[in-house]
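User: I have a structure open here and would like to talk through its cysteines, pockets, cores and backbone oddities. Can we go one topic at a time?

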Amino acid sequence: MELGVAGATDRLHVRLAELVAGLSLGIDLGFGQPMEHVLRQCLIALRLAEVLGLDEQQRAVVYYTALLLNVGCHSDAHEQAKWFGDDIASKAIKYDHDLKSLRMAAAGMRFLGSGYPPLHRFRLGIEFMISGHREVDGMVEHHASLARTLAEQLELSDEVVEALGAAYERWDGRGWPRELEGEQVPVASRVAQMAEFVEVAHRMGGVDAAKELARKRRGKQFDPTLADLLDAEADIILAGLDTTRTWDAVIDAEPALAILLSGERFDAALLAIANFVDLKSPYFLGHARAVSELAAEAGAGVGLDEADVRTLRRAGLVLGFGRLGVSNAIWDKPSRLGAGEWERLRLYPYVTERMLRQSKALAPLAAIAVQHRERLDGSGYPRGLSGGGVSRPARILGAADAYQAMREPRPHRPALSPGEAAVELRSDVKAGRYDAEAVEAVLGAAGHRVSRRREGPAGLTPREIEVLKLLARGISNKEIAERLVISPKTVASHAEHIYAKINAPTRAAAGLFAMQHGLLPEEGFPASARA
């Protein structure tokens, strides 16, 4: 990509629908579904809404509810992987049985401890029976809560926010969080939820399978009126799904006036989504934001103009979107990755590109992000580019990503010090993997960064901030006690106060709070830290 084109992103109005539709492609993979599953369910939802006679504003609520329905489901993938091994494989069974059925419970239990030795699986089973089942049962409710939060940050309507909060309620009142039933459930929630399951049934078994699903779950999971409509009008509602250019159809079908983003509002939307993607693993909390800022400073340091720096900053925010398509059994694995696991990981920059490239406004960001793991000697991925095949902005972004990753803890190693990270990067320059100009620009920017930590959000004490940052990374109370040289009982007390103060009932919600208030990643690095 030529740098002269980069500034075009800021001159364009970016449709929120394009950004959310791109995100949905990663959500698909996170459920073990083919890309465009969510886009097709959005089309089905809109057709149901039209047959139901909803007006344009109501259909707009259905549209964004359908696209964001499962956006929070990756937020506790770390915990899902702890219990069930491959979190993507365990989520893929969602469409096999009624979620509240004994068959679904039995299917889920078969994944318990998957991938671990027999003794570990036995111990995990005991722990699950004692306390883990309550944690897992609460996950779905928290997914809806986080989806609401993202909708608020994207400045979507109150109706969309409300519908996402009720996205897992059921007609029979047996959903999550079991506060609503029947017509108390917002109509957009009812329509989007049914469209989700009907899309899978239709893709796997055709129109007859979709109609059978509607009949079977009528009056239980599904609104009887919607089930009857689908049964009667399935040929119309499901027509052409296999031949439609799904992306174009969804973007063109946005009801009411298109929501346009530009300038600071576009940046805020990218940051909100980047933070949500980083929730997938406690090891990546705040990573995208930190890389974005570091790459932008480095880009300015090598003389890029304002438009190109802005594009580089935005590319830093999207570079990890593709991580949604890789299991946390890989991201959070403390030991060496196997060959198959490594191949899955190497695909994530390509997935990022695939998520964004269909949007003219987002494609320039994808073109940089897809190359951030390429190396000058051809040893990188996903395409093994070398030399001049790796663009200048991608070289800067790659160096910023590598430096920031070294400065963060990973499951197989502790965080490196600034000096250690600098030595590593410069060693890779000598080996021909990184561009010397890019590395020195990144190290210069890192050496002059100031602390971004803000003390006391939500009335947190300095000690509570220390505990919060460790809790958000998934560290146990016992380990926190050892690190801070306090008792586990004191840690538990701090945790209780923290969750109450920040109104965050889960690790993922606490991680989001920490990122939003600049507590993660750790503070910036003073000039004296340069090696």
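Analyst: What follows is a short walk through those topics, beginning with where the values come from. This is a predicted model, in which local features need pLDDT of at least 70 and side-chain atom pairs count only at pLDDT 80 or more, while totals for chains, interfaces and linings use all residues. Residues are numbered from 1 along each chain as its sequence is written, and side-chain values use heavy atoms, with hydrogens and water left out.

User: How many disulfides does the search of the whole structure find?

Analyst: The search finds zero disulfides, a disulfide being a pair of cysteine sulfur atoms within 2.5 Å.

User: Why is there no bond for cysteine 42?

Analyst: The closest cysteine sulfur, in cysteine 73, is 17 Å from the sulfur of cysteine 42, which is too far for a bond. Cysteine 42 is buried at a relative accessible area of 1%, and cysteine 73 is buried as well, at 4%. Here buried means under 20% relative accessible area, exposed means over 50%, and partly exposed lies in between, with a 1.4 Å probe and protein chains only.

User: Switching to pockets, which residues lie nearest the centre of the second largest one?

Analyst: Trp342, Arg373, Tyr381, His412 and Arg413 lie nearest its centre, out of 34 lining residues, and the space in this pocket is about 1,000 Å³. On a 1 Å grid over the protein atoms alone, a pocket is an open set of points where a 1.4 Å probe fits, with protein on both sides within 12 Å along at least five of seven lines, and lining residues have an atom within 4 Å of a point. Grid points are joined across faces, edges and corners, and the volume is the space filled by probe spheres set on the points.

User: Which helix gives the largest share of that lining, and what is the make-up by class?

Analyst: H22 gives the largest share, four residues; the elements that give two or more residues are helix H18 (328-331), helix H19 (339-345), helix H22 (392-406) and helix H23 (418-430). Helices are DSSP runs (H or I, at least four residues) numbered from the N terminus. By class, the lining has 16 nonpolar, seven polar and 11 charged residues, where Ala, Val, Leu, Ile, Met, Phe, Trp, Tyr, Cys and Pro count as nonpolar, Asp, Glu, Lys and Arg as charged, and the others, Gly among them, as polar.

User: What about the largest nonpolar core, and which members touch the most others?

Analyst: That core has 152 residues, and Tyr63, Leu150, Leu230 and Leu468 touch the most other members. Helix H12 (residues 187-216) gives the most to this core, with 12 residues. A second, separate core of eight residues includes Phe284, Val326, Tyr348 and Tyr381. A nonpolar core is a set of buried Ala, Val, Leu, Ile, Met, Phe, Trp, Tyr and Cys residues joined through side-chain atoms within 4.5 Å.

User: What does leucine 468 touch?

Analyst: Not counting residues up to four places away in sequence, leucine 468 touches Leu460, Ile498, Ile502, Ala510, Phe513, Ala514 and Leu519, a contact being heavy atoms within 4.5 Å. Leu468 is among the buried residues of H25. Eight of the 11 residues of helix H25 (residues 462-472) are buried, so this helix is largely enclosed by the rest of the structure.

User: What covers the buried residues of H25?

Analyst: The cover includes helix H26 (477-484), helix H27 (488-502) and helix H28 (507-516). Just after H25, glycine 474 takes a positive phi of about 80°.

User: Which residues other than glycine have a positive phi?

Analyst: Among them are glutamate 155, with phi near 60°, and asparagine 503, with phi of about 55°. Glutamate 155 is in the loop between helix H10 (139-153) and helix H11 (158-165) and is exposed at 54%, whereas asparagine 503 lies in the loop between H27 and H28 and is exposed at 68%.

User: And where are cis peptide bonds?

Analyst: One joins tyrosine 381 and proline 382, with omega about 15°, and proline 382 is in the loop between helix H21 (363-369) and H22. Another runs from leucine 520 to proline 521, with omega near -5°, and proline 521 is in the segment after H28. As background, most peptide bonds are trans.
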